[in-house]
Amino acid sequence: MDNSHQYISRIAEVLRENPDGMTISEISSGLSMSRNTIGKYIEMMFQSGIVDVRTVGKARLFFLSKRIPVTTLLNYLSSAVVQTDERFRIQSANLPAAEFLGTGYTQMTGRNILDLLVIQGLKPEIRTKILSPDRPLIFTTDLELNLANKKRFVWLTMADVVMYDGTSGHYFIIEDVHDWKEAEESKKRYYALFHAIAAETDDRIFVMTPEMIFTYVNPRFGLAFDRDPQSFIGESRMNICDNHAKPLIREAAGYVCSMGEPYRTLFSIQERDQVRWFDERLFPVHDNNGTVREIIGFSRDITGFQEGGSAGVLLASMMDLLFEAVITTTPAGTVLSWNRGAEQMTGYPRDELIGSSALSIITPELNGGHDVIRETCNGEVIKELKFVIRARGGRKKKVLLSTSQLSFQENIVSGVCIVIRE
């Protein structure tokens, strides 16, 4: 019968009565035990963190440690940690090991861990590998066990070790990775599905970091530039944009990252000596902390509708016939369109204002802090509001202002339309 616990308790008690420390000889004399026996158990207690030692001259003084023993710390881990002898008989284990092995904590000592794992569903071929003399010193594998009557994926690590008394043994660490493995499998399925859909669509689909560095582009994106899609990986989105489109694209990505919401915008890009218009939607991909980790973009070429479509031409012509100023902006206030009425009312020509901030004209500071663009995006209805705008040269004009949301897709505000009349 192993009396280790009894000996260790007696040594601990005499050290507790002598907090300044004792030599092995003093402990031996106080307990009427041989120095060899005391030395053996003091070494075990030192390895377990129960005692500490300090040297005074040639003497080594042992005293109870104020550290938490390693075996106690292991009980706070979610993974099972089991120490066995050379024949796989359990010598010690932490509390989670009882759940993994399907047995009571006080009943584990002395039982064969492989027998317990077989009961939990360990397959014969894995058991054979563990017992094989040719396996590596550190053996790892994933396996499926029955935990609380449920199939769970676990990660098993087994290491051959030499104990402090010189005997051989093993350490087993069993970690429940079921949720992680299922998440990885689900991620692989959705990743494959996304790529399959992206490869078949005529839209330009891409994935980029918040810094607008490409991590994926679909074949249609590569075809538009006569490039291999893989050649875009690591390149900045800004490298393939006209200068006048860069502020709009940068603003769109910034909105998605800061607000964590989708964004939709219209812009034109010079491609192969031709101006092409795009309707682009950006969607955030969040990590577990809610931070935007990536941005998925869907860019659709609408050049035919924007330039060749009679409806678009007619609408632009009608806007220029109006005496009212009609302005459209992004949700952040960047001017997208500026009709002739806006030119006459403010004195600013269209080419000078498009791409700049409308807030330089529709100044909140002149109107009690009213930011009509932000308020409209938040769902407020603004109609015939008495307002003061700042015209060219700093002139102030009293006007009536109305706004409405621009939305190309349900629940996504793509911009604001502002109508101003004197």
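**Exercise 1. Determine whether M212 is buried or exposed, and describe its backbone setting.**

Solution. At 8% relative accessibility, M212 counts as buried, because the cut-off for that class is under 20%. The structure is a predicted model, and this value is computed from it. The next step is to place the residue: M212 belongs to the loop that links strand 8 (204-208) with strand 9 (214-217). Finally, the backbone is examined. M212 is not a glycine, yet its phi is positive, at about 65°.

**Exercise 2. Classify the accessibility of E384 and state where the residue lies.**

Solution. The relative accessible area of E384 is 35%, so the residue is partly exposed. Its place is the loop between helix 15 (372-377) and strand 15 (385-390). E384 also has a positive phi, near 55°, in a residue other than glycine.

**Exercise 3. State the strand order of the open sheet formed by 5 strands, and identify its edge strands.**

Solution. The order is 14-13-17-16-15, with antiparallel pairing. Strand 14 (335-338) and strand 15 are the edge strands, since each pairs on one side only. On average, neighbouring strands of this sheet are turned by 35° against each other, direction ignored. One pairing can then be examined in detail: strand 13 (residues 325-329) and strand 17 (residues 415-421) run antiparallel and are joined by 5 bridges. Within this pairing, I327 stands opposite I418 of strand 17.

**Exercise 4. Characterise the environment of T403 in strand 16.**

Solution. T403 lies in strand 16, which covers residues 396-406. With a relative accessibility of 11%, T403 counts as buried. Neighbours within four places in sequence are then set aside; the remaining contacts of T403 are V372, T376, I382, V416, C417 and I418. With T376 there is a polar contact between the two side chains, at 2.6 Å. Another of these partners, I418, is the residue that stands opposite I327.

**Exercise 5. Explain why the buried residues of helix 2 line one face of the helix.**

Solution. First, the buried residues of helix 2 (residues 24-31) are listed: I24, I27, S28 and L31. Seen down the helix axis, these residues fall within an arc of 100°, so they line one face of helix 2. The general principle is that an α-helix has 3.6 residues a turn, so residues three or four places apart point the same way. On the other side of helix 2, S29 and G30 are exposed. The residue following helix 2 is S32, with a positive phi near 55°.

How values were computed. Residues are numbered from 1 along each chain as its sequence is written. This is a predicted model: local features need pLDDT of at least 70, side-chain atom pairs count only at pLDDT 80 or more; totals for chains, interfaces and linings use all residues. Side-chain values use heavy atoms; hydrogens and water are left out. Helices (H or I, at least four residues) and strands (E, at least two) are DSSP runs, numbered from the N terminus. Buried means under 20% relative accessible area, exposed over 50%, partly exposed in between (1.4 Å probe, protein chains only). A polar contact is a pair of N or O atoms within 3.5 Å; within protein, one must be able to donate a hydrogen and the other to accept it, and residues adjacent in sequence count only if both atoms are side-chain atoms. Contact means heavy atoms within 4.5 Å. Two strands pair if DSSP finds at least two bridges between them. Axes are lines fitted to C-alpha atoms, for helices over the stretch in contact, and angles run from 0 to 180 degrees between N-to-C directions. The arc is that of the directions from the helix axis to the C-beta atoms.
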